[in-house]
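User: Could you take a close look at the aromatic rings in this protein for me, and then walk me through the surroundings? I work at the bench, so plain language is welcome.

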Amino acid sequence: ASLDWQMLPWTVGTLSGSASVKAKIMFVFDGSYTLAKVTIPLWDTTSKKEKSASETSTYGVKTKAMKRSSQLTLTDRSYQSKTSAWNGNTAKMKARAAANKDDLILIFQSNDASRETQNSVKLMYSVYHNGSWSQPEAFLDDGTLDTFADIKQIGDDVFVAWQKCSTTIGSGSAEEQIKSMVSASGIYISQYDPSTRSFEVKRKIVSKNRAYIMPQLMDKNGNAAFMWIEMELKNPLTFECEKTIMTSQCDNGAWNIAIGPLQKTNAYISELKGTYSKNNGTYQAFYVGIDEEQKTKLYYMNRSNNDGMKQLTDGSHNISNISANPDEVTYLEDGVLKSYDINKEESQEITNSDQPFTGANAVQVSNGNKDVVIWMENDTIGCNFYSSVKTENGYSKPVNLYTKSGVLGNNFTAVMDDDGAWDIVFSATDLQDSEKT
């Protein structure tokens, strides 16, 4: 089982027992930590089925301080002799997709075997056209580290925004290298050119005094905009580090200066989603924050809201895998898929709370007047995809879209066309051989 933290200091963690957790940090470090007394399970998907944790449990860990039982080490990349450009970063790639008329564009992180490990991850893309995928290409292969990325169709255009280091990371301790990665992090934006089926124009947005991380693209009435987090460079891996949510928009082909702050916090922001509300004519931010009391909460912020930040959950449950449109946010709460209606100020379950599932992520899609959520569930047989359509009375009964037997789904992305048909791309691991992904 795996966790996708999407934020410093953890990005992916794998349960290795009740006393320790193995973590992958900034995609390139491995480490083992002993959990402090304040550590609590975020959810146990097998508690009602009486299975052992080593079989199928998925846990999260949150603590003010973890005692490291072994030094952080750079990831072993010997597996790369068995991989291609498609899965150079094993099955944990964060894939995203968007459509542009006849093209389906996929982005994902891959691992360049020719680079030093601390600089090895780069953002790739491939285009599905006339029944086949193009050979993956890098967005900007300059030897520096790429991390979090987002892709979105806005009007007739497709944009990609991603976090990238401005310089290569040198030698040193893991802590020194991680701080260097944070300090060097900026944001790049690129637009898809359908005539060449490539991304050519790239805009760099950086600051000398602050790190720019976790970009999220938004549709502002057919114009491109994006949201991101600014971080102080002082003590970036602690609660002392202030994070500021900022926005910018593209007017007549030019990106304007940053607008903000939308929200400031000292909490760890593990996930961020941005939307633009046509009703209010303002930007909205949804984020998952872990505070100093080790409580994970879902927050909402509307720039026109005089009350400021609004807390949507009480902190007694784990919140993860958020997806949002201007009127609603969907999220996993202790393994149960839920939605929160911003206008009605109420939440509802989409999946059954009596059967919390082990799933990688859920995706919310809006197409015309249709709002749909699609999610993936793993069981002992394989990987299953379901969807539910929002109606006036809530969400419809889930429909099974697709089942792939014999695999464990890791992550997926999906695009729905005007006729309601889905294109789904997912990474998976063979249930009988974990080396096959």
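Analyst: Happy to help; what follows starts with the aromatic rings and then moves on to the cores, a sheet and a few single residues. Please keep in mind that this is a predicted model.

Let's begin with the rings. Searching the whole structure turns up 17 aromatic pairs. One of them joins tryptophan 162 and tyrosine 188, whose ring centres are 5.5 Å apart and whose planes meet at 25 degrees, so this pair is stacked. Planes under 30 degrees apart count as stacked, which is why the angle settles the matter here. Tryptophan 162 belongs to strand 13 (residues 157-165), whereas tyrosine 188 belongs to strand 14 (residues 185-193), so the pair ties together parts that are 26 residues apart in sequence. Is the pair buried or exposed? Both tryptophan 162 and tyrosine 188 are buried. Neither ring stands alone with its partner: ring pairs link Trp162 and Tyr188 with Tyr125, Phe139, Tyr192 and Phe199 in a cluster.

Now for the nonpolar cores. In soluble globular proteins, nonpolar side chains tend to be buried together. The largest nonpolar core here has 21 residues, and the members that touch the most others are Met227, Ile229, Met231, Ile245 and Leu272. At least two residues of this core come from each of strand 16 (210-220), strand 17 (223-232), strand 21 (268-277), strand 22 (282-290) and strand 23 (296-302). Tyr188 also has a place in this part of the story, since a second, separate core of 15 residues includes Tyr188 along with Ile107, Ala149 and Ile151. Back in the largest core, isoleucine 229 shows who its company is: leaving aside neighbours within four places in sequence, isoleucine 229 is in contact with Ala211, Tyr212, Ile213, Met214, Lys243, Thr244, Ile269 and Leu272.

The loop between strand 16 and strand 17 holds asparagine 221. Asparagine 221 has a phi near 55 degrees, a positive value in a residue other than glycine. Most residues other than glycine have a negative phi. With a relative accessibility of 46%, asparagine 221 counts as partly exposed.

A second asparagine makes a good companion to it. Asparagine 321 also has a positive phi, about 55 degrees, although it is not a glycine. Asparagine 321 sits in strand 25, and its relative accessible area of 14% makes it buried.

That strand leads us to a sheet. Four strands form an open sheet in the order 25-26-27-28, with antiparallel pairing. Strand 25 (319-325) and strand 28 (346-349) are the edge strands, each pairing on one side only. From one strand to the next, the twist averages 25 degrees. Inside the sheet, strand 26 (residues 328-333) and strand 27 (residues 336-341) run antiparallel and are joined by six bridges. Which residue of strand 27 is the bridge partner of valine 329? That partner is tyrosine 340.

One last stop is alanine 421, in the loop between strand 34 (407-416) and strand 35 (422-430). Its relative accessibility is 38%, so alanine 421 counts as partly exposed. Beyond its neighbours within four places in sequence, alanine 421 is in contact with Val415 and Met416. Between the C-alpha atoms of alanine 421 and leucine 401, which are 20 residues apart along the chain, the separation is 9.9 Å.

Technical notes:
Residues are numbered from 1 along each chain as its sequence is written. This is a predicted model: local features need pLDDT of at least 70, side-chain atom pairs count only at pLDDT 80 or more; totals for chains, interfaces and linings use all residues. Side-chain values use heavy atoms; hydrogens and water are left out. Two strands pair if DSSP finds at least two bridges between them. Axes are lines fitted to C-alpha atoms, for helices over the stretch in contact, and angles run from 0 to 180 degrees between N-to-C directions. Buried means under 20% relative accessible area, exposed over 50%, partly exposed in between (1.4 Å probe, protein chains only). Contact means heavy atoms within 4.5 Å. A nonpolar core is a set of buried Ala, Val, Leu, Ile, Met, Phe, Trp, Tyr and Cys residues joined through side-chain atoms within 4.5 Å. Rings of Phe, Tyr and Trp (its six-membered ring) pair if their centres lie within 6.5 Å; planes under 30 degrees apart count as stacked, over 60 as edge-to-face and the rest as tilted.
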